[in-house]
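Here is a walk through one protein model, from its sheet to its packed interior. Keep the viewer open and follow along.

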Amino acid sequence: MQPRNMSMSGVVDLAALKAAGEAKAKAEQARAESARQGGGGAVPPSSLVIDVDEAGFERDVLQRSAEVPVVIDFWAEWCEPCKQLGPLLERLARDYNGRFVLAKVDVDANQMLMQQFGIQGIPAVFAVVAGQALPLFQGAAPEAQIRQTLDQLIQVGEERFGLTGITVDADAAGPEEAGQGPAEAPAGPYDALLEAAVRALDASDFGGAVQAYKNVLSDDPANTEAKLGLAQAELLSRVRDMDPQKVREDAAEKPADVAAQIAAADLDLVGGHVEDAFGRLVETVRRNFGEDRDMARLRLLELFEVIGSDDPRVVAARTALARVLF
């Protein structure tokens, strides 16, 4: 079963139909009430993944969504794709460390919830944000696509509803959590591989650098240095054989040509014109739809990796991208 709705296109219609402003006000009231009652403190890591049934749905999902986006995984024991997707979502819930909560719903035991959400097949993944439900995707999906969807969901939660997530108390982890937590990267010869990648970059062997970084990421997908290096090596590889003058002429003469704008954005970034590169792609996303829009959006996300997620220019561009998408 192929993933659907990975772009979160349902957010627009849902927000309009459900009155986002009213939902945000309710979320703020719920958070204030929780604070008055002594709630809102740090929670143990075990609270990031919960089993939910029909009886506890209002408390565990709807009320909780006033503080943090709740991602719902509809699954069943007999569903083979569910056995692949479920553990991945659980690991991501821990990786995101309180930016969202994962609620797991066994459809065999909760048929009414399945009907209420209009689910046609599983696995199916939804989210509830400030009491508002929206579809994310159906079927198993690659981790990279799921992360992009979660990033968009979290950004919508922050910007539209003021949801900043929950604080996780690592010290409150039980023995099992403490023993299996992702505190340290897996052991491996990463220093040697990363050094080889840098040497390849210095020698303009971009293909070799790309492979070296991928070797690290195959064992340690969260390795920040390898992710940054891979994005840089792929960018340099793309622009190496470009004719800068022709690329810029094409971009100026063909503003509707998505490929031309993407190529020009790559050159902008390599030339140090970071805001120009980001602005060009945000505008390209705004003007297009379907596959063209997604192609520009994905390249923009790749360029974010080159600069680094903490850079204020990336933060500003993410906000601009969210505005044109949602």
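The notes below go through the sheet, its strands, the nonpolar cores and the aromatic pairs.

## The sheet

Bear in mind that this is a predicted model. A good place to start is the open sheet: 5 strands with mixed pairing, in the order β1-β3-β2-β4-β5. The edges are taken by β1 (49-51) and β5, each with a single partner strand, so one side of each has no neighbour in the sheet. On average, neighbouring strands are turned by 25° against each other, direction ignored.

Strands of a sheet pair through backbone hydrogen bonds, and they can do that either parallel or antiparallel. Both kinds turn up around β2, as the next section shows.

## Strand β2 and its neighbours

Take β2, residues 70-75: 6 of its 6 residues are buried, so the strand is largely enclosed by the rest of the structure. In a regular strand, side chains alternate between the two faces of the sheet. Here Val 70, Ile 72 and Phe 74 point one way, while Val 71, Asp 73 and Trp 75 point the other, and all are buried.

On one pairing, β2 runs parallel to β3 (residues 101-106) over 6 bridges, and Val 71 has Leu 102 as its bridge partner there. To get from β2 to β3, the chain goes through helix α4 (residues 80-96), making a right-handed β-α-β crossover. The other pairing is with β4 (residues 124-129): the two strands run antiparallel and are joined by 5 bridges. In that pairing, Asp 73 is matched with Val 125 of β4.

## Strand β4, the hairpin and helix α6

β4 is mostly covered too, with 6 of its 6 residues buried. Ala 124, Phe 126 and Val 128 head one way from the strand, and Val 125, Ala 127 and Val 129 head the other way.

Next comes β5 (residues 132-138), which pairs with β4 in the antiparallel sense over 6 bridges. Look for Val 125 opposite Phe 137, and for Ala 127 with Leu 134 as its bridge partner. The two strands form a hairpin with 2 residues between them, and Ala 130 in the turn has a positive phi of about 50°. Helix α6 (residues 143-161) lies across β2, β4 and β5, running at about 15° to β4.

## Nonpolar cores

In soluble globular proteins, nonpolar side chains tend to be buried together. In this model the largest nonpolar core has 54 residues, and those with the most contacts inside it are Val 71, Phe 100, Leu 136, Ile 146, Leu 150, Leu 269 and Phe 278. Helix α12 (residues 258-270) gives the most to this core, with 7 residues. Apart from this core lies another, of 27 residues, among them Leu 48, Cys 82, Phe 126 and Val 168.

What does Phe 100 touch, leaving out residues up to four places away in sequence? The list is Leu 48, Val 68, Pro 69, Val 71, Leu 89, Leu 92, Ala 93 and Leu 150.

## Aromatic pairs

The structure holds 6 aromatic pairs. One of them is Phe 57 with Phe 117, an edge-to-face pair at 5.9 Å centre to centre with 75° between the planes. This pair links distant parts of the chain, 60 residues apart: Phe 57 belongs to helix α3 (residues 57-63), and Phe 117 to the loop between α5 (111-116) and β4. Are these two rings on buried or exposed residues? Phe 57 is buried, with a relative accessible area of 10%, and Phe 117, at 16% relative accessibility, counts as buried as well.

A pair to compare is Phe 278 and Phe 304: the ring centres are 5.0 Å apart and the planes are at 85°, so this pair is edge-to-face. Phe 278 comes from helix α13 (residues 274-287) and Phe 304 from helix α14 (residues 290-307), 26 residues apart. Both Phe 278 and Phe 304 are buried.

Finally, ring pairs link Phe 57, Phe 74, Phe 117 and Phe 126 into a cluster. That brings the story back to the sheet, as Phe 74 is in β2 and Phe 126 is in β4.

Technical notes: Residues numbered from 1 in each chain as written. Predicted model: local features only at pLDDT ≥ 70, side-chain atom pairs only at ≥ 80, totals over all residues. Heavy atoms only, no water. Buried < 20%, exposed > 50% of the residue type's maximum accessible area, 1.4 Å probe, protein only. Helix = DSSP H or I, 4+ residues; strand = E, 2+ residues; numbered from the N terminus. Pairing = 2+ DSSP bridges. Right-handed = clockwise from strand over helix to strand, strands pointing away. Core = buried A, V, L, I, M, F, W, Y, C linked by side-chain atoms within 4.5 Å. Contact = heavy atoms within 4.5 Å. Phe/Tyr/Trp six-rings, centres within 6.5 Å; stacked < 30°, edge-to-face > 60°. Axes fitted to C-alpha atoms, helices over the stretch in contact; angles between N-to-C directions.
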